[in-house]
Amino acid sequence: MSRRQNVRKPLSPIDTAWYRMDEPTNLMMITGIFTFEAPISFETLKSTLRQRMLRYRRFKQIVVRPRLSILPPYWKNDPNFDIDSHIHRIALPEPGNQETLQELVNDFMSMPLDYSKPLWQIHLVENYLDGCALLCRLHHCIGDGIVLMRLLLSLTDDLPEAVWINDQEEFDDQIYQQVRTRNSGSLIGSWSRTRKLVRGVMETGKSTLNDPNGAGSALKLGFESSLALANLLLLEPDPSTIYKGKLGVRKHCAWSQPIALSDVKSIGSVTGGTVNDVLLTAATGALARYMRIRGESTGGLNIRAAVPVNLRPTDEEIKLGNAFGLVFLSLPVGIEDPLDRLTELKSRMDKIKGTPEAIVAYGILNAIGIASNQIEELVVNMFGEKATAVMTNVPGPRETRYFAGQPIKDIMFWVPQ
């Protein structure tokens, strides 16, 4: 059977969940910006994406909803696929600075993708400072932040003059071989203890099948998972603050000047915290300051953040789809001293890392994908009530990467609320 044959492939339950959760006020779309200090030729961009990105079959497929609602949606090759429907160019109005780029991103973050076509778009944004930017929009059902970052960076080079050998090979529907294996080292998520737990689940399952006497370990893990599920379901709704309320259709993005990773690591080294601990401490402080500026009291207050946790094995090839769980981290916005706040956050994070909470949340997300619409709405609302923010740290490259011959300056992404 030819690999190019139009075989229908059902979405996985968790990818189905992200597909079905789309709402006008909360589009299930990942929006990203790559900035460059020099212009990129539109024809070079199109040629690069045609050769590299379209090797992944998913980007030439549409999602089809079966007539029977009980059947899962499926991927199908788009018979009318045209790359020109997905790659566009646009020029920023003067003065072509960060503020005007932010306004443009706001517009596209608020605009749904066209469901009659493959669920992605890339805009070349010209007249941005002295260079340009790439504005990428991809539906969450294609993949999560970790795998999409790995995939997009697999389209880049470590030298500006690198030559791509296009052998026209099209990657399989489910497993997507890495185009650049050297990119993977810096793009694997942290949370090693959670990954060990995932591997432990897999190994426990295998050993239980092969050795019935080893069932005690599986029962213990099952008890811990049940306890984590109970704790998650029994979490009180997050307190009402200026950050809680009905979502609107119009979205707004913003970004700061970059902070040197070496500075963040230095703080972590002195305090015994990780990069994530330091970044979460800074973000929590910013949330608290904004509340106080708006006249809200933060004394003794805690609000939760949903923190995605990568559940992929460290050596896994690029495999599109979603493979992450969630943990609910209580942010101590009521602690004003940064060092005390870091110490408390680290303690809370360490406690979460030793539990199967992320795997339990992953299981719930899978269940959403096969549940009725009414059950799905109830579960989604439950998740929404228990957290105020989404905070995620997707590792990027540790060295300069080149795309279409130009060095990438900055990378930023935004996820659904």
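**A walk through the strands, helices and backbone exceptions**

Strand β3 (residues 61-64) and strand β4 (residues 74-77) pair in the antiparallel sense over 4 bridges, where two strands pair if DSSP finds at least two bridges between them. This is a predicted model, in which local features need pLDDT of at least 70 and side-chain atom pairs count only at pLDDT 80 or more, while totals for chains, interfaces and linings use all residues. Residues are numbered from 1 along each chain as its sequence is written, and side-chain values use heavy atoms, with hydrogens and water left out.

Within this pairing, valine 64 of β3 stands opposite tyrosine 74 in β4. In a regular strand the side chains alternate between the two faces of the sheet. In β3, Gln61 and Val63 point one way and Ile62 and Val64 the other way, yet all are buried; buried means under 20% relative accessible area, exposed means over 50%, and partly exposed lies in between (1.4 Å probe, protein chains only).

The protein as a whole holds 11 helices and 12 strands, which are DSSP runs numbered from the N terminus (H or I over at least four residues for helices, E over at least two for strands). Of its 417 residues, 47% are buried. Among contacts (heavy atoms within 4.5 Å) between residues at least 6 apart in sequence, 80% join residues at least 24 apart. The accessible surface of the protein comes to about 20,800 Å², of which 55% belongs to carbon and sulfur atoms; the areas come from the Shrake-Rupley method with a 1.4 Å probe, and for residues only the protein chains shown count as cover.

Further along the chain, an open sheet of 3 strands runs in the order β9-β8-β10, with mixed pairing. Its edge strands are β9 (324-331) and β10 (389-390), each of which pairs on one side only. Strand β8 (residues 303-310) pairs with β10 in the parallel sense over 2 bridges, and the bridge partner of alanine 306 in β10 is valine 390.

Helix α8 (residues 275-293) has 19 residues, so at 1.5 Å a residue it should span 27 Å, and its end C-alpha atoms, 27 Å apart, agree with that figure; the expected span is 1.5 Å times one less than the number of residues. Buried residues of α8 include Asn276, Val278, Leu280, Thr284, Leu287 and Met291, and the buried residues of this helix pack against α7 (261-271), β8, β9 and α9 (338-353). Just after α8, glycine 295 takes a positive phi of about 85°.

Most residues other than glycine have a negative phi, and most peptide bonds are trans. Asparagine 127 nevertheless has a positive phi of about 65°; asparagine 127 lies in strand β6 (residues 120-128) and is partly exposed, with a relative accessible area of 30%. Alanine 404 likewise has a positive phi, of about 50°, and is found in the loop between β11 (402-403) and β12 (406-414), where alanine 404 counts as buried at 19% relative accessibility. The peptide bond from glutamate 94 to proline 95 is cis, with omega near 10°, and proline 95 has its place in the loop between β5 (87-91) and α3 (98-109).

Finally, the cysteines deserve a look. A search of the whole structure finds 0 disulfides, a disulfide being a pair of cysteine sulfur atoms within 2.5 Å. Cysteine 141 is buried, with a relative accessible area of 1%, and cysteine 253 is buried with a relative accessible area of 6%.
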